[in-house]
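Let's take a walk through this protein together, one strand at a time. Have the picture ready and follow along as we go.

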Amino acid sequence: MAKELISKEIVAFNVKAETKEDVIRYIVDMMDKDGRLLNADGYYADVLKREATSSTAIGFSIATPHAKSEHVAEPSLAFIRLEKPMKWDEEEVSMVFQIGVPSPGQGDRHLEILAMLFRNLVYDEFVGKLASSESEQDIVDMLSAI
């Protein structure tokens with residue numbers, strides 16, 4: 001049975017990380033533990049390869065690393081909030097959404113997920129809830145409703 005796009009198993013708060021590579025690896029490990037990946041190292045490499053093409057820091061204190069990858073089993077949207085803000089290329093980031101979609105076979109699903117996020121990130125109330133929620137399930141419910 002297919003998994004939901006997001007679940008509380010791939011949501012985390014107060015994550016300690018020094019670099020964006022640490023953040024990406026942390027999320028890859030969460031996704032792998034939840035059975036969403038076929039090969040964690042392969043997906044990690046694909047996300048870093050995509051990240052090298054242009055920054056995924058998008059403003060609003062948010063970054064959106066992502067990859068279409070043959071190493072992904074289930075379309076996934078993970079969310080973490082960092083313990084303290086960090087530099088992500090030229091921007092300061094405190095929250096990260098990481099997207100993984102299987103390739104081939106999912107077309108532009110990753111772009112649909114990004115568009116869904118971007119349509120909501122323009123609302124201060126939405127970003128405020130992301131920044132302040134203490135419940136993984138609240139984040140899942142909030143993102144599942146959009």
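**Around strand S6**

Start with strand S5, residues 76-88, which runs antiparallel to S6 and is joined to it by nine bridges. Keep in mind that you're looking at a predicted model. One of those pairings is easy to find: Trp88 has Glu91 as its bridge partner in S6. Now look at the turn of this hairpin, where two residues sit between the strands S5 and S6. Asp89 is the one to check here, since its phi is positive, near 60°.

Next, follow S6 itself, which covers residues 91-102. How many of its 12 residues are buried? The count is 10, so you can call this strand mostly covered, with buried meaning under 20% relative accessible area.

S6 has other neighbours too. Strand S4, residues 66-69, runs parallel to S6, and four bridges join the two. To spot this pairing, find His66 and look across to Ile99, its bridge partner in S6. Strand S3, just residues 62-63, also pairs with S6 in the parallel sense, this time over two bridges. Here Ala63 stands opposite Val96 in S6.

Finally, step off the strands and into the loop between S4 and S5, where you'll find Glu74. Is Glu74 buried or exposed? It's buried, yet Glu74 has no salt bridge. The nearest side chain of opposite charge belongs to Arg36, 6.0 Å away, and a salt bridge needs the charged atoms within 4 Å. Glu74 does have a polar atom in its side chain that lies 3.3 Å from the backbone nitrogen of Lys3.

Methods
Residues numbered from 1 in each chain as written. Predicted model: local features only at pLDDT ≥ 70, side-chain atom pairs only at ≥ 80, totals over all residues. Heavy atoms only, no water. Buried < 20%, exposed > 50% of the residue type's maximum accessible area, 1.4 Å probe, protein only. Pairing = 2+ DSSP bridges. Lys, Arg positive; Asp, Glu negative; His and termini not counted. Polar contact = N/O pair within 3.5 Å; in protein donor to acceptor, adjacent residues only side chain to side chain.
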